[in-house]
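Open the viewer and get your selection box ready. We'll go stop by stop, with something to click on at each one.

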2 protein chains.
Amino acid sequence: MLDLPGEILEPLARSPVARDVAHRAGVSTATVSRVLNGSAGVRADKREAVMRAAQDLGFVANGAARALSTRRFMAVGAVVPNIENEAFVRVLSSFQERLRQAGYTLVAANAGYDLEDELREATFLLERGVDGLMLVGDIHHPDLHARIARHGIPMVQTFSLSRERPCVGFDNAASAARAANYLVDLGHRRIGVISGLRKDNDRGGARVTGIAQALAARGLTLAPEHDIEISYGIGGGRDGFRQMLAGGAPPTAIICGTDQIAFGAMIEARARGLDVPGDLSVIGHNDSDFAPFLDPALTTIRIHSAEIGHAAGDHLIARMQGRPVVRLTEIDAELILRASTAPPRKPARD
Amino acid sequence: MLDLPGEILEPLARSPVARDVAHRAGVSTATVSRVLNGSAGVRADKREAVMRAAQDLGFVANGAARALSTRRFMAVGAVVPNIENEAFVRVLSSFQERLRQAGYTLVAANAGYDLEDELREATFLLERGVDGLMLVGDIHHPDLHARIARHGIPMVQTFSLSRERPCVGFDNAASAARAANYLVDLGHRRIGVISGLRKDNDRGGARVTGIAQALAARGLTLAPEHDIEISYGIGGGRDGFRQMLAGGAPPTAIICGTDQIAFGAMIEARARGLDVPGDLSVIGHNDSDFAPFLDPALTTIRIHSAEIGHAAGDHLIARMQGRPVVRLTEIDAELILRASTAPPRKPARD
DNA sequence: GCGGTTTTTGAAAGCGCTTTCAGATAGCCA
DNA sequence: TGGCTATCTGAAAGCGCTTTCAAAAACCGC
């Protein structure tokens with residue numbers, strides 16, 4: 001059965017509880033609790049005795065009982081659109097890192113870009129008793145915030161900025177606009193966009209808006225046939241670029257919603273005999289691992305995922321501990337210049 | 001404040017508890033519990049009343065209290081080496097899908113390829129009261145299984161097969177051997193391996209062993225200078241292939257621990273003027289999203305991650321519900337042939 | 001060695017739910 | 001309608017921990 005060194009453990013019949021420890025140490029459960037939670041005011045000898053007894057018995061406090069008693073679960077929930085998406089995974093990972101350090105457990109759920117599903121998953125987490133909640137974006141089911149408020153737990157939104165809610169993110173419109181301006185500065189006049197699904201996705205929407213506005217400010221327009229919305233992934237990028245070519249004069253540069261989409265678009269461009277960046281400049285989003293290794297290396301907007309996760313974690317921890325926080329934390333996205341962008345071969349003049 | 005339609009809600013002072021619902025419905029908390037847990041034997045009118053009262057009050061049962069009472073947390077833990085790794089993410093995602101359907105919550109933790117850390121994280125989850133645990137691989141800290149046993153909860157290992165423990169996985173040695181045999185059949189004689197870190201990683205180790213044995217069976221050997229161990233990632237693959245070239249006669253084919261490594265190796269090969277697959281055949285592992293889109297498209301060993309996750313989930317759910325299960329589930333990995341492998345240009349004859 | 005602190009300590013009361021058990025109701029048949 | 005059984009229902013006892021509160025013990029200066 002069990003073979004921890006030194007002592008035969010109780011037959012698995014019942015795992016030890018605080019009372020057992022108290023008994024063995026010759027104190028009350030109150031003292032056991034005090035010792036195990038590090039509160040002061042326990043005489044050294046008793047403290048020792050409790051420690052040893054707990055050790056000997058292999059005592060592990062029952063989390064449910066503790067949670068019930070303290071009314072804190074020491075768990076935090078996160079609902080992200082796609083738990084398999086690299087960008088969200090990175091944020092979750094760094095978010096969890098912080099939580100873990102503070103003794104919290106992360107419980108992540110998948111909303112699949114659907115507000116109803118997001119509400120359902122968030123509700124599930126609330127029922128589980130999470131002490132805080134992380135969401136992505138600023139568009140949610142109308143009931144969601146009421147439900148969260150009802151539980152009286154703090155919430156923080158990530159990835160985009162919000163004027164109403166606590167958030168940690170960046171200005172999607174501004175960073176996409178920066179990419180657009182960069183392309184215009186290079187001499188591009190016909191610029192296209194391939195974004196992922198924009199429904200219920202403020203990030204995607206804001207990016208396109210930002211680009212359109214940036215172009216407008218320079219006297220250009222985002223032609224409808226150059227504004228493509230497709231499903232995520234490399235395949236989506238290929239399809240998207242194909243669609244774009246189907247619509248009249250081809251763009252000389254495109255901005256893509258993710259690096260995967262950009263990769264797909266580059267593949268399709270090459271398949272059509274177009275040179276990147278000679279005939280087509282390409283900009284991605286997220287700075288995926290593979291972005292610097294593509295051929296040509298991909299210019300992309302780097303989202304500082306780790307910082308977002310850390311900041312969101314710190315924010316929530318602070319609020320759960322009743323400390324003051326700033327409502328909005330902006331983590332700047334950064335345009336990483338690589339080889340997939342260049343001036344258009346012959347400056348388009350339309 | 002809150003604005004659910006129809007009724008003013010209690011000021012957030014205290015969220016409603018079962019007693020409130022009981023009061024409002026004119027029944028006891030016992031009946032409330034019975035209704036909310038769907039147990040039979042409650043008269044229709046009372047059931048209705050309880051349902052409506054719960055609805056009106058926005059009642060959500062306190063998970064901790066329920067867990068304390070039922071002694072089941074309805075949560076399952078998973079400790080994976082790297083929560084950001086695509087292969088593990090996919091398994092976690094499908095694993096969670098199943099758990100979620102059965103009403104369980106997944107709590108995932110990161111072990112970082114370190115047995116001590118794995119033990120620590122698993123202990124943390126056990127303390128939280130998970131009802132089941134998923135691990136990766138068959139190598140663990142010597143104390144880990146004793147601790148799990150002490151909590152009396154079921155555990156399932158994934159990704160590799162085990163002769164001792166319940167598991168869902170595939171035969172890493174056999175599938176890697178298949179890749180090696182395929183290369184030998186193509187006419188390759190000098191075959192190299194670039195694997196990720198093998199310390200505390202039975203999957204990596206088994207794969208290399210499988211390859212070495214397959215080669216041996218065909219009268220070939222895996223030269224030490226062609227057996228490279230590097231850190232994961234595209235950069236690792238580049239470095240690995242560079243190292244391999246530094247050691248004498250270059251291989252005509254390599255098998256890589258992940259598609260990322262394979263991608264890196266291909267980049268390095270091209271940078272050296274080697275043609276893939278003309279001068280070098282490359283096989284990866286995992287069939288990542290980008291594998292079919294590389295140039296040339298990558299031959300790789302596809303791990304059926306979704307099946308592993310589902311099977312692991314089903315296994316654990318069954319055991320938590322006291323149903324019988326098979327101890328070992330093998331999910332075959334599959335060699336996906338693409339364009340990165342071909343016969344060697346001039347059959348090596350040494 | 002004594003009265004008056006200042007620490008330590010344990011008994012006991014929850015936390016909010018489930019579940020047992022016995023009593024109350026309803027249902028059924030004669 | 002009465003008696004007996006089959007259903008329903010509520011009171012109350014936990015689940016295992018934290019925390020309050022008052023009592024006990026230790027400490028202190030004189």
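For the stops along the DNA, a polar contact is a pair of N or O atoms within 3.5 Å. Keep in mind that this is a predicted model.

**Stop 1: DNA strand C.** Select this strand and bring up its surroundings: 27 residues surround DNA strand C, and the closest are A:T31, A:R34, B:A18, B:S33 and B:S69. Click on B:S33, where a polar side-chain atom sits 2.7 Å from a phosphate oxygen of the strand. Next pick B:S69: an N or O atom in its side chain is 2.6 Å from a sugar or linking oxygen of DNA strand C. For a base instead of the backbone, go to A:R34, whose side chain has an N or O atom 2.8 Å from a base nitrogen of DNA strand C.

Which parts of the DNA strand come within 4 Å of the protein? Sugar or phosphate makes up 68% of those atoms of DNA strand C, and bases make up the rest.

Now color by secondary structure. α2 and α4 of chain A, along with α2 and α4 of chain B, each supply at least two residues of the surface near DNA strand C. The top contributor is α4(B), with four residues. Recolor by residue class and you get 10 nonpolar, 10 polar and seven charged residues on that surface.

**Stop 2: DNA strand D.** Switch the selection to the other labelled strand. There are 26 residues around DNA strand D, and A:A18, A:S33, A:N37, A:S69 and B:R34 come nearest. Sugar and phosphate account for 66% of the atoms of DNA strand D that come within 4 Å of the protein.

Three clicks are worth making here. B:T31 has a polar side-chain atom 2.8 Å from a phosphate oxygen of DNA strand D. At B:S28, a polar backbone atom is 3.1 Å from a phosphate oxygen of the strand. Over at A:A65, a polar backbone atom lies 3.4 Å from a base nitrogen of DNA strand D. Two or more residues of the surface near DNA strand D come from each of α2 (29-36) and α4 (63-70) of chain A, and α2 (29-36) and α4 of chain B.

Which element gives the most to this surface? That's α4(A), with four residues. By class, the surface near DNA strand D has 10 nonpolar, 10 polar and six charged residues.

**Stop 3: B:R218.** Leave the DNA and select this arginine, in the loop between α9 (202-217) and β7 (227-229) of chain B. Setting aside residues up to four places away in sequence, B:R218 touches B:N181, B:V184 and B:D185. Draw a distance to B:D185 and you'll find a side-chain polar contact of 2.7 Å. B:R218 is partly exposed because its relative accessible area is 39%. Zoom out and add B:N62: the two are 156 residues apart in sequence and 63 Å apart in space, C-alpha to C-alpha.

**Stop 4: backbone oddities.** Turn on backbone torsions.

- B:M74, in the loop between α4 (63-70) and β1 (75-80) of chain B, has a positive phi of about 60° without being a glycine.
- B:N286 lies in the loop between β9 and β10 of chain B, and this non-glycine has a positive phi of about 110°.
- A:V276 and A:P277 are joined by a cis peptide bond, with omega about 5°; A:P277 is in the loop between α11 (259-271) and β9 (281-285) of chain A.
- B:D295 and B:P296 are also linked by a cis peptide bond, with omega about 0°.

Is B:M74 buried or partly exposed? B:M74 counts as partly exposed, since its relative accessibility is 22%. B:N286, at 11%, counts as buried.

Key:
Residues numbered from 1 in each chain as written. Chains lettered and ligands numbered in written order. Predicted model: local features only at pLDDT ≥ 70, side-chain atom pairs only at ≥ 80, totals over all residues. Heavy atoms only, no water. Buried < 20%, exposed > 50% of the residue type's maximum accessible area, 1.4 Å probe, protein only. Contact = heavy atoms within 4.5 Å. Polar contact = N/O pair within 3.5 Å; in protein donor to acceptor, adjacent residues only side chain to side chain. Near = heavy atom within 4 Å. Nonpolar A, V, L, I, M, F, W, Y, C, P; charged D, E, K, R; others polar.
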